[in-house]
Structure formats: C-alpha cells, structure tokens
Amino acid sequence: MSAPNCLRCLVRPSAGIPVSAPRTVSPLVTPFVLARTAPFSTTAANARPKKEAQGKSDGGGSSRGGKKLQLGKFKKEKVADRGRTPLPGERKAYRKRITLSNDNAIPVPWLTDLGPADLADPRSSGKVMALPEEVQDQLRASEAFKATQCWGMFRKPAVLVRKETTDLVNRMEDAVDKKETLRLVVTGDKVTGKSMMLLQAMTHAYLNNWIVIHVPEAQELTTACTDYAPIPNTDPVQYMQNVYVLKLIQAIKRANEKVLAKTYTMTAHPELPQNMPANSSLLALANVAKEAEGAWAVFQALWTELTAQGANRPPILLTLDGLAHVMKVSDYRAPSFDLIHSHDLALVRLFSDVLAGGGAKFPSGGAVLAATSRSNAPRAASMELALAQREAEQSNKEKEKTDVEVPKKDPFFRGYDDRVEAVLRSVQVLRLKGIDKLEARALMEYWAASGMLRAMVDEKTVTEKWTLAGSGVLGEMERAALLTMRV
Amino acid sequence: MASHANLLRLCLRPSKRLPNLRAAAVQQHALRRSLSTTQWRSAAAGDAGNKEAQDEFDQVFSNPGQFLQNFLRDEKISDEERKIATAALADWKKTPRHKQAQFEDLAQKLTDQSAPLRRAYQPKKDSFWNAEETDTDLITGEVGEDDFEEDDIMALGHAKLEEHREFREYARIAVWEMPLLSKLAKPFQPPTADEVLRFRYTTYMGEFHPADRKVVVEFSPQDFPGLNEAQQLKLKKLAGSRYNPEKDIIKISCERFEHQAQNKRYLGDLVDQMITTAKDPTDMFEDIPLDTRHHKFKPQIKFPKEWYMTEERKKELEAQRKQALLLDEAKRTDGSMINGADTIQQALLTAKKAEAAAPSLVRVRPMRGRR
C-alpha cells in the first residue's frame, strides 16, 4: 500500500489533483484514468477495468461490475403441480350432476313402483313410492330432478305421496275429464316441496301418457343469459330465444318420445326448413329442429299441432319452476335500450297466456302448473299480491264466508305490474305447508329402512324431528334427520 | 378582568404624573394612524410645547406643595383653577413640618413598594409561553379556606346537612301543605258530545320557555255530528300526515304565534275551515286514496284461539297421543317397527352370510346402478 499517495488523497478529495497515479500506467494516459477514478478513495486506482465487467455493462447489466452477492443462486426452480385443470364446462357439469341411486343404501323391501292411478288415489297418500325406471328417464330428460334434492342417498328414487299431491292430481284429472285446463300456482315457504310437487305432477302425467313441457329454471329465460332475437312481423315486437328453444325441443322429444311418435300432424308445415307433410308424426316434426336457427319456427309448429282443435291429442302438462323470474321485467334490452318485459319474450308469453286462461286451448285438456321459489326469487310485488288475493278469495269461497280479508293494492306503491296482474287474475293457488305426523312417520321409516337414519322410528323420534322442522317442513326434516350426522 | 391588583396599579400609575397634561399627550398619540407602513417617529425636537410636556410628564413630586407650585407655574390654566390651587398651596404651607415630612415618607414608601406592580412585565426571551410569569391578577378572596381549624365539621359535612334540611323542608310541605290542595280539586267530568276538540297546553310553572306557547288539538272526524262518511274521508285526506289511521284521530299543533291564546285561536279557526272545506261538495278528492304512508301500523299479535289449553283441547291431544302410542305398540307387536341401526346391522350380516355361502366365487364389482 502506498501511504503517501493515500494521504495525499485525503487532503482534498478532488479529481483535479493528481493523486494515486499508478506506476504501471504511462504518463500519457494518466489524466484519462484519473478522471475515471473515484474522487475520494483510500485505495490505489486500478489501472485497467476488467474486460468481462466492461462487456457486461455494455450488455445493460450491472454497471458496477465485479462480484455481486447473489442470494438463492442455487434455488431449485419451482414447478407448481396443479394437476389437470378442469376442461371448460366440467365444473358446471359436476355442480349440476344428478345422482339418482346409491349402491350402498339398503334396498327397502316394501317399496313399490308408482302405477298410473296411484298418485290420484287418496289411499296412497302418506306412503313412500318409487319412481319407475322409464319415468326416471323421462324426468331426467326434462330436468325435473334438482341437484339440491337428496336423490343420491337411496337405492332407488322414491317420493312421498302427500295429501296435497293427491289433491293436485285429482284436480288435474278433473280438468282433463272436462277437457279444460287446470291453471295453478304452487307456492309456500322455503323447502316445503314446491319443486317436488311439480315433479310428482309430471310423474303422473308421464305415467298417464300426457305430453309434458317443463321449464326447469325460469331464470334461464329472463336473466339475459341465452340468445334472443326479435321475431319479424310482430307488433308489439316479441323476441324468440332460439338456443333455449332448441334445447327445450330436444328435452320434449326425449321425454315424450313414445307419445309424440303416436301423434300425427294435422296440416303440412311448408315454412319449416324441412318440409313436413300432413299426417307425419310429431316426433318427426320435433326432429326437424337440428340447429338453433329456425328452432322457434319448429317449436311454433309443434305447439300449433299440439293445440290443434278437433284433433285427438293427449292431455298436455305445462310446468315452470321459479315463477317470479317470468313475472317481472327481464334483463334483455330492446334496440332502443329499453328493458324488455318478460311477457314480450315469445316463449314466456306462450306460457303466461295459457296461465292467464286466454292462450291456446288444449284439445284434450291438461294443466299449467307454476311453482314459486323462495330462495332464488326476484321481487315481484304484483305476483305476491295476486297470489295472496287469490288465496284469500279461495279460502272465502271454500268456507262460504268473507272472514279472510282480501289484501288490497297499496295505492302509493309504484312497483306493481298490470300485465302480471292480468295473468294471475284467475289462477288457483296451492299453498304447501309442513307434512303431518303420519306422513312424517312414513318418510322417516323409509329413511331408516334405507339405512340413512340410525334411530328407532317411534312416536318420540317422529315428533321430535317434526317439531324441529317447524311443523314438518320437508326440507327442514331432511336437515334435522337425514343430513345430520347426529341422531 | 379588572381585578383589585390591576385597579390599584392603574390608580397608582397616574398619581405621579400630571393628569391634564398626560391626557393631552396621550390624545396626541391616539391621533396616530393605527395601521401604517411608515415607521413611527416621536415629535420633532423643535416642538417646544411638546418638549415641555414631556419634561413635566417625567417629573416626580414628593408632596402636594411641589405639585401645586409646578401647576401654578403653568400659564395656560384658568383663573379659577389658579385660585383653587393657590388656596391649596397656602393650606399646605400652613401644615406643620413634621406632618409634611410624614406625608412625604408615606408617598415615598408607597412609590417604592408599588414599584414592582407598576413595572411592565417583559417576558424573557428564552421562556416558553411566559411560563415563569406569576399571575398577579389572581387573588382569591378566601385566604386559608382549606385550612382546617379543628373547631368545625368539614365543608362536605355542611353540604350534607344542608341537603338534609332541604329534604325535611319538602317533607314538611308534603305532610302539612299538600293535603290542603285537595280542597281545590274538581271532580273529573268527561267531555260531552259537544266538546269534540281536545286541547293540550304546556306550562313550565311560570318560567319562560320557548315551548310554552305551543298548543295541540286532537279530534276524531267521527265525532263531528254534521259530517257524513264521504266528508269524513275528505277531512282525513285534508289532514294528511296529521291523521292517525290506527286511532282515527287528527292531531294538529301550533306554536307559530307568541301567545298560547293566539295559537289556540288559530287552531280553532283552522278546524272550522277544514270542516267547511270537507263539507264543500265541489271536489271530494275521490281520485286520491287516503295516504297512510306516514304511519307505521303496529301488528296486533294475539294468542291464537286454537292454542288455548281448554279441557276439550286437552282431551283431544290426549286421544291423539294415545292413538300414536297404540300405533307404536301395534308396530312393536307385529314387528314392523323400524330401527335404523338394526337395519344396517342386518344388512351387513346378510352380506357376510352371502359371502360365506359362496366363498369360491370370484368377487366382481357390482354393476354401477348410478345413472
């Protein structure tokens, strides 16, 4: 180390003073090198910078060069193994998957399949009965089963026949006898079995060779999640939903294959993409719909054929779940950016017209059933009011008294909808409540016999669960006894 | 706050100066503009009068004789003043010598001792918010109030005693004087059918209060004999949010005017006017529904009749329970009572037996019944 040099540097830290001139460097290049050295340094300046470092600095790396402390130099490169990611639609399919049987469940020896007349028979109320294989397929095709229902716990899908079931089925039968249309709304509190009531009605219809058209989720029609297009030459403009209608036609075709094959068209349908001569089967007509384009025309043709007066047609059951969604302004927009009313969507209008009693008449009678939903329901003040009014009127009529006050419109509330009121002006209302104790007992015996309820089914247990479930609300009973690990 | 100390200081300060001259000098100073950008300078040296005044201002007199002599030297004073001053000077000169000396001593002492009071306080430069300054203004009248002389109870005890005295005073009033009020009581007479309006007044027992002028009137539209149904309805609609649909009462208040009587008069007139309008058949407001949005109806929850435990109901329940127990018993006897745990055990046993019966068979996964 050269002390004099260093001391001289310390005197005045300036680049202008000739300090620490390395002995190795010729005097000619000294000023240049000096200009590069740090102005204040106790070490002698290194004459020549390293070549690699220079090259690096040119390459845009660290301008300092030299050694650098690198932390984690020998770190392994992490390869996150996330497994196979689900394919598009796979998650949804898993979510919507419906399991109808459980091989580990114990088969119930006394369980009998439902026959065509069983659901109308008052004697079968309070019994658990199984759905026949064929009907299972039909119900599955029309998406009557829901993922939230506990089908997957038992060996075979079976339903509890309630008093309300036989009542409803008898009303349907009466209507068919008179060649009329039963127009009815099933309502009630949460998990009281409204969708299940629709399923039972559909079961009856399938068992008796009706034609069933089922809209499993009304929200799919109005929440703007499927394509729509204005129908030409309509005033006021109506909108068709081709993709949904195609799906619906295919569901109808699969569920009602046998009946449709035996039913024949009355007139030719030249407007369809594939010419349909008269007296061809309705199944063939339904088969015309191969693509979304033109599906609405096929559906219309199918509908006119089904409702053709004077023809020999089977009774028709038209059902819809989640009524509140079609009793409000939809989320679709017209070209003027106004919201479209649900009843301007052609398919919804078709349903609501029949529900109002003004649409197409079913030639052999039938039924239009709609179920409300409590968990997934937008506010539909008019619908709520109309249902409450109909219910009050009904109970007054039954008792031949006027002790129940019919609720009135709030004159200062803005959210009422006249079109909805008009549709629900003359419907019947079936309010579902809890089941009674005998029905509860039958249900719990079925659960116990399937090995799903580890308890003695006696009066005590039944009363306990029945009370826990708020006087026998079905879903709550399931929650209290079937879906709990503690008995 | 002008405390005693401050007052004393202010009195003492002019005592050594000439009052008239001082006033004149101060007035001149006051003429100065309050806000100016130029620096303030004292009057020019050539101003003789001012100079003189300044000199006199600074003079200190040890006795009244000196002051009077100095005063008489001034030529500007009036004759009357001069006369009084001359007489006073003569009196002073007549005063005995030792008395004059005493006076001078006293004046000197006062001047010396009050000097710190007169001195203007100058805050120290490095002090923080003049923390060192003693507050000369603060003088508490009660010297030694916290000292306890061992000859009395504490102030707190006195307060407690005072409280007791107050209680007992009111107790005496309640026992001896209140019963006499019953002589003034009048029997309640329910309002007759003619007295439809019910007024409410507020008094604060003679005290002034902004709310004591308020008057409230309540009436029910049904009580007016001359109104039919439609007119009553119109009256309710006119009342708007003042109508209570649950009690069927209209309630209006007024505190617009200064006196209670004026407010009451106004309310009376208003009710008259409303009734006249309600009777007017030109527009009966048939197109407007009665608005009750302002009122929240309280649901009247009653115990359901069916839930009362009457004898009949008890019997009915008893029968139901008996029926259920009979059903249980019947199921037990014929073996159709179902026990979930047993069912599972049996199913497992049968499965084992089936395995044991056919051990040579190759186990095949059962066909999935899952659909």
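This passage describes the interface of chain A and chain B and the nonpolar cores of a predicted model. Local features need pLDDT of at least 70 and side-chain atom pairs count only at pLDDT 80 or more, whereas totals for chains, interfaces and linings use all residues. Residues are numbered from 1 along each chain as its sequence is written, and side-chain values use heavy atoms, without hydrogens and water.

At the interface, 25 residues of chain A are in contact with 22 residues of chain B, contact being heavy atoms within 4.5 Å. The area buried between the two chains (accessible area, 1.4 Å probe, lost on being put together, summed over both) is about 2100 Å², and carbon and sulfur atoms give 57% of it. On the side of chain A, the most area is lost by A:Asp103, A:Phe412 and A:Met456, together 26% of what that side buries.

Three salt bridges (a side-chain nitrogen of Lys or Arg within 4 Å of a carboxyl oxygen of Asp or Glu) are found across the interface. A salt bridge joins the side chains of A:Glu445 and B:Lys331, at 2.6 Å from N to O.

Within the model, the largest nonpolar core (buried Ala, Val, Leu, Ile, Met, Phe, Trp, Tyr and Cys residues joined through side-chain atoms within 4.5 Å; buried means under 20% relative accessible area, 1.4 Å probe, protein chains only) has 63 residues. Those touching the most other members are A:Phe299, A:Leu323, A:Leu355, A:Met383 and A:Leu424. Beyond its neighbours within four places in sequence, A:Met383 is in contact with residues including A:Leu323, A:Thr372 and A:Leu424. Another core, apart from this one, has 40 residues, among them A:Val135 and A:Trp210.

Notes:
Chains lettered and ligands numbered in written order. Buried < 20%, exposed > 50% of the residue type's maximum accessible area, 1.4 Å probe, protein only.
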